[in-house]
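Student: I have a structure open in front of me. Can we go through it step by step?

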Amino acid sequence: MTAALGARALGKRYGRNWALTGCTLDIPAGHVVGLVGPNGAGKSTLLNLAAGMLTPTTGTIEVCGGTPGSGRAQLAKVAFVAQETPVYPGLTVAEHLRLGARLNPGWDDALARDRVAGLGLDPRRRAGKLSGGQRAQLALTMAIAKRPELLLLDEPVAALDPLARREFLADLMEIVAEHGVSVVLSSHLVADLERVCDHLVVLVAGEVRLDGEVDEILATHHRLTGPRREVSTLPAHQHVVSASHTDRQTTVLVRTEAPILDPQWTVGDLDLEDLVLAYLSGAAEPGRRPALEVLR
Ligand SMILES: Nc1ncnc2c1ncn2[C@@H]1O[C@H](COP(=O)(O)OP(=O)(O)OP(=O)(O)O)[C@@H](O)[C@H]1O
């Protein structure tokens with residue numbers, strides 16, 4: 001099966017600043033991939049590169065077997081909803097659907113109309129008069145009705161209220177199950193990602209820190225608690241993600257393929273949120289808003 005997204009040593013520089021460096025990824029088709037990282041980590045940059053809205057400074061990126069933005073066929077394969085969920089303020093909801101039908105060869109008008117009706121959006125209403133969340137829903141409807149192979153969503157649920165967020169994610173899961181579309185979505189909300197993603201990419205300061213299937217990631221990370229000791233004394237195959245100490249006790253989060261055999265450790269449960277936070281801890285600059293919002 002063609003990879004949904006493949007990147008080799010991908011880098012993007014804005015002026016003198018690198019937004020993304022040495023990014024190598026292989027995301028197989030048919031997955032829902034969560035892209036998580038603190039503000040400024042490079043998530044939007046990666047999604048824009050995948051959509052063909054930006055070109056790489058270094059390295060290569062391939063999406064659904066082609067170069068992003070390389071022609072009509074490639075554009076038809078990929079739908080992208082940018083962070084600001086762009087819609088045309090002067091056009092009505094119905095006019096958006098007509099435009100979608102005219103511009104996209106694979107347009108699924110029934111799906112678009114059903115979704116608009118299900119959301120209770122008035123087809124005669126101008127997009128400029130919709131609320132932020134309704135605009136996001138309209139942009140998402142346009143993207144889904146295009147019937148792409150790959151759906152790229154930059155913080156799709158940020159503008160939605162908790163109920164709409166849950167419903168949207170449920171819709172997304174249904175669409176994935178029904179149409180086999182691959183999805184890459186960025187979010188700060190790990191609980192949402194945990195609910196829908198089977199693959200996770202953690203970006204910190206423009207670099208990929210973690211990339212893999214959620215089940216495998218959870219199976220290879222462990223929280224160990226035991227008598228205080230230096231992390232340098234841990235076996236070489238145990239990669240230490242984070243460590244904290246009290247006077248008597250040490251808690252470490254390690255990544256390893258091997259079983260934990262040392263009887264001094266108590267092995268604790270770990271969920272995706274703990275794990276992502278461990279990878280992100282220390283990534284946010286002092287004084288900035290928290291790297292992650294944890295909402296349940
Ligand atoms: N057009 C631009 N010109 C200059 N620098 C930019 C531009 N767009 C992004 N950057 C910089 O590139 C880095 C990565 O930004 P990007 O928007 O990709 O991060 P992000 O992970 O999507 O962040 P957020 O969660 O805040 O949306 C940041 O340091 C940002 O300031």
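Student: How many residues lie between β8 and β9 in their hairpin?
Tutor: This is a predicted model. β8 and β9 run antiparallel and are joined by six bridges. In the turn, A205 has a positive phi of about 50°. The number of residues between the two strands is two.

Student: Which residue in β9 is the bridge partner of L203?
Tutor: β9 covers residues 207-213. L203 belongs to β8, where it is buried. Its bridge partner in β9 is V208.

Student: Which strand pairs with β8 in the parallel sense?
Tutor: Look for a pairing over four bridges. One pair to find is L35 opposite V201 of β8. The parallel partner covers residues 32-36 and is β3.

Student: Why is β8 described as largely enclosed by the rest of the structure?
Tutor: In a regular strand the side chains alternate between the two faces of the sheet. On one side of β8, H199, V201 and L203 are buried. On the other side, L200, V202 and V204 are buried too. β8 is largely enclosed because its buried residues number six of six.

Student: Where do the buried residues of α4 sit around the helix axis?
Tutor: The buried residues in α4 are A112, R115 and V116. On the other side, A110, A117 and G118 are exposed. Seen down the axis, the buried ones fall within an arc of 100°, so they line one face of the helix.

Student: Which helices do the buried residues of α4 pack against?
Tutor: α4 covers residues 109-119. Just after α4, G120 takes a positive phi of about 70°. The packing partners cover residues 93-103 and 132-145: they are α3 and α5.

Student: Which element gives the most residues to the shell around the ligand?
Tutor: The shell includes N17, A19, K43, S44 and T45. Two elements give two or more residues to this shell: β2 (17-28) and α1 (43-51). The one that gives the most, with three residues, is α1.

Student: How many residues of that shell are polar?
Tutor: Sort the shell by class. Three residues are nonpolar and one is charged. The polar count is eight.

Student: What radius of gyration does the chain have?
Tutor: The chain has nine helices and 13 strands. Its C-alpha atoms fill a box of roughly 65 × 40 × 40 Å along the principal axes. With 296 residues, a compact globule would have a radius of gyration near 19 Å, and the chain agrees with that at 21 Å.

Technical notes
Residues are numbered from 1 along each chain as its sequence is written. This is a predicted model: local features need pLDDT of at least 70, side-chain atom pairs count only at pLDDT 80 or more; totals for chains, interfaces and linings use all residues. The radius of gyration is taken over C-alpha atoms; the globule rule is 2.2 Å times the number of residues to the power 0.38. A residue is near a molecule or strand if its C-beta atom, placed from the backbone, lies within 6 Å of it. Ala, Val, Leu, Ile, Met, Phe, Trp, Tyr, Cys and Pro count as nonpolar, Asp, Glu, Lys and Arg as charged, and the others, Gly among them, as polar. A residue is buried if 20 or more other C-beta atoms lie within 10 Å of its own, exposed if 12 or fewer, and partly exposed in between; C-beta atoms are placed from the backbone. The arc is that of the directions from the helix axis to the C-beta atoms. Two residues are in contact if their C-beta atoms, placed from the backbone, lie within 7 Å. Two strands pair if DSSP finds at least two bridges between them.
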